[in-house]
Amino acid sequence: MTARKIDGKAFAAKVRAQVATEVSQLKAAHGITPGLAVVLVGEDPASEVYVRNKGKQTIECGMASFEHKLAADTSESALLDLISNLNNDPQVHGILVQLPLPGHLNEDLVINAIAPEKDVDGFHISNVGLLATGQKAMVPCTPLGCLMMLREEHGSLSGMNAVVVGRSNIVGKPMAQLLLRDSCTVTIAHSRTRDIEALCRTADILVAAVGRPQMVTGDWVKPGATVIDVGINRIEKEGGGTRLVGDVDFDSAAEVAGAITPVPGGVGPMTIACLLANTLTACCRANGLPEPEGLTA
Ligand SMILES: NC(=O)C1=CN([C@@H]2O[C@H](COP(=O)(O)OP(=O)(O)OC[C@H]3O[C@@H](n4cnc5c(N)ncnc54)[C@H](OP(=O)(O)O)[C@@H]3O)[C@@H](O)[C@H]2O)C=CC1
Ligand SMILES: Nc1nc(=O)c2c([nH]1)NC[C@@H]1CN(c3ccc(C(=O)N[C@@H](CCC(=O)O)C(=O)O)cc3)C=[N+]21
């Protein structure tokens, strides 16, 4: 392996420590405790992992955690009622509805029912529009975490060629927006992209968010490039059991890349740290207090 391994786990711990410090100051000076509500409808294995890690870390940071676990057959109106209550609850500064939702629920409708200023996922159409037009928004946690690691690695990203593989609303598109805002030349690739390997080899920054285990191999990577692996895929292990792998084939990519994030221990922990940072930011904004520095995009 020649690439530097970017330690997302350690970086996330630093971000959470900063959040915890600011939370304790907020409590001491103003008697305010930031609160995060997480809504989980039905059972999704990826979401379960996320909710478990997140609840623990929310409390470790000194914030209040409100978990709402609803049955898989919950009606849309019941879910909208809950969101309305959370929108009006002064103890709740951040609301996250775990995706994907069961098929009978309209995701767009549900997400857009969240008060934009409490939308710590940054998925509400208002926040998407604010980000796209360069205004102050809630920035989606996963792309924000990726951006923080890239800035730490490179300082300025200006003029770099970035290729984002994946065009989802929750990762690919907002990632591309953030890279564009930092003056990268951005290309978004997806399942219809022609000669995707050659395109990826033009990237100084390569972000993989496809949901296909180990799809991006070393021969897709430009020598010295920085590779950010967003993928979280559970695969069968030889000899039984399962293990977590990314969308990048770590071993072959690490032979070519300059720096690379591992899975686990890369983007995942940063996502949760950014969720906590967004909750703190939302709480400061709600109370007309100055925002924490270095925790927003
Ligand atoms: N670490 C973290 O914190 C998080 C990790 N994830 C993980 O990131 C990955 C992506 O998530 P998400 O964006 O929600 O996934 P989606 O399934 O919503 O989007 C996947 C994207 O990848 C593209 N794609 C699929 N197959 C190919 C292919 N063969 N070649 C090129 N492009 C392809 C799709 O293209 P098209 O649009 O043409 O279909 C689509 O745009 C998953 O592994 C997920 O688990 C997600 C969120 C947070
Ligand atoms: N509204 C919404 N927002 C999300 O941001 C969201 C979502 N829904 N639905 C599911 C996906 C997935 N996701 C993960 C975040 C962190 C880890 C994480 O902490 N991963 C650890 C490993 C965890 C383990 O050991 O299994 C790591 O990569 O090191 C994983 C997955 C957020 N998502």
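Helix α7 is mostly covered in this predicted model, with eight of its 10 residues buried. The buried positions are Gly172, Lys173, Pro174, Met175, Ala176, Gln177, Leu178 and Leu179. The elements that cover them include the helices α5, residues 125-132, and α6, together with the strands β5, β6, residues 185-189, and β7, residues 205-208.

Please look next at the residue Ser183, just after α7. Ser183 sits in the loop between α7 and β6. Its phi is positive, about 65°, although Ser183 is not a glycine. Is Ser183 buried or exposed? Ser183 is exposed, because it has 12 other C-beta atoms within 10 Å, and the exposed class takes in counts of 12 or fewer.

A second residue other than glycine, Asp195, also has a positive phi, near 45°. Asp195 lies in the loop between β6 and α8, residues 196-200. With 9 C-beta neighbours inside 10 Å, Asp195 counts as exposed.

I turn now to the loop on the other side of α7. Gly166 is found between β5, residues 161-165, and α7, residues 172-181. According to the unreviewed UniProt entry, the annotation "binding site" covers Gly166, Arg167, Ser168 and Ile232. Gly166 is buried, since 23 other C-beta atoms lie within 10 Å, and the threshold for that class is 20 or more. Which residues does Gly166 touch, if those up to four places away in sequence are not counted? They are Val171, Gly172, His190, Ala209 and Val210. Of these contacts, Gly172 belongs to the buried set of α7.

Ile232, also within the annotated binding site, is found in the loop between β8, residues 226-229, and β9, residues 233-236. Ile232 is buried as well, with 22 other C-beta atoms within 10 Å. Leaving aside neighbours within four places in sequence, Ile232 is in contact with Ala46, Leu244, Val263 and Gly268.

One of those partners, Val263, takes part in a feature of the backbone. A cis peptide bond joins Val263 to Pro264, with omega about -5°. Pro264 is placed in the loop between β11, residues 259-260, and α10. The peptide bond from Leu99 to Pro100 is also cis, with omega near 0°. Pro100 lies in the loop between β4, residues 94-97, and α4.

Let me move to the packing of helices. Two packed helices are described by the angle between their axes and the distance between the axes. The axes of α6, residues 141-154, and α10, residues 267-286, come within 8 Å and cross at roughly 110°. α6 is therefore roughly perpendicular to α10, as the range for that description runs from 65 to 115 degrees. On the α6 side the contact is made by Cys141, Thr142, Leu144, Gly145, Cys146, Met148 and Met149. On the α10 side the participants are Val267, Met270, Thr271, Ala273, Cys274, Leu275 and Asn278. How many of the residues in this contact are nonpolar, polar and charged? The division is 10 nonpolar, four polar and no charged.

Glu152 lies in α6 too. Glu152 is exposed, having 11 other C-beta atoms within 10 Å. Its C-alpha atom is separated by 9.5 Å from that of Phe11, and the two residues are 141 apart along the chain.

I close with the level of domains. The domain assignment gives domain 1, residues 29-121, and domain 2, residues 141-267. Their C-alpha centres lie 28 Å apart. The unreviewed UniProt entry lists residues 6-121 under "domain: Tetrahydrofolate dehydrogenase/cyclohydrolase catalytic". That span is 50% helix and 16% strand, and its end C-alpha atoms lie 24 Å apart. UniProt, again in an unreviewed entry, lists residues 140-285 for "domain: Tetrahydrofolate dehydrogenase/cyclohydrolase NAD(P)-binding". Over residues 140-285 the chain is 36% helix and 19% strand, with 17 Å between the end C-alpha atoms.

Two exposed residues complete the survey. Arg52, in helix α2, residues 45-60, counts as exposed with 10 C-beta neighbours inside 10 Å. From C-alpha to C-alpha, Arg52 and Thr242 are 19 Å apart in space, and they are 190 residues apart in sequence. Asp108 is found in helix α4, residues 107-113, and is exposed, with 11 other C-beta atoms within 10 Å. The C-alpha atoms of Asp108 and Phe123 are separated by 9.0 Å, the residues being 15 apart along the chain.

Terms used:
Residues are numbered from 1 along each chain as its sequence is written. Chains are lettered from A and ligands numbered from 1 in the order in which they are written. This is a predicted model: local features need pLDDT of at least 70, side-chain atom pairs count only at pLDDT 80 or more; totals for chains, interfaces and linings use all residues. Axes are lines fitted to C-alpha atoms, for helices over the stretch in contact, and angles run from 0 to 180 degrees between N-to-C directions. Helices (H or I, at least four residues) and strands (E, at least two) are DSSP runs, numbered from the N terminus. Angles under 35 degrees count as roughly parallel, over 145 as roughly antiparallel, 65 to 115 as roughly perpendicular and the rest as oblique. Two residues are in contact if their C-beta atoms, placed from the backbone, lie within 7 Å. Ala, Val, Leu, Ile, Met, Phe, Trp, Tyr, Cys and Pro count as nonpolar, Asp, Glu, Lys and Arg as charged, and the others, Gly among them, as polar. UniProt positions are given in the numbering used here, feature names are shortened, and annotations may be inferred rather than shown by experiment. Domain bounds come from an automatic or database domain assignment.
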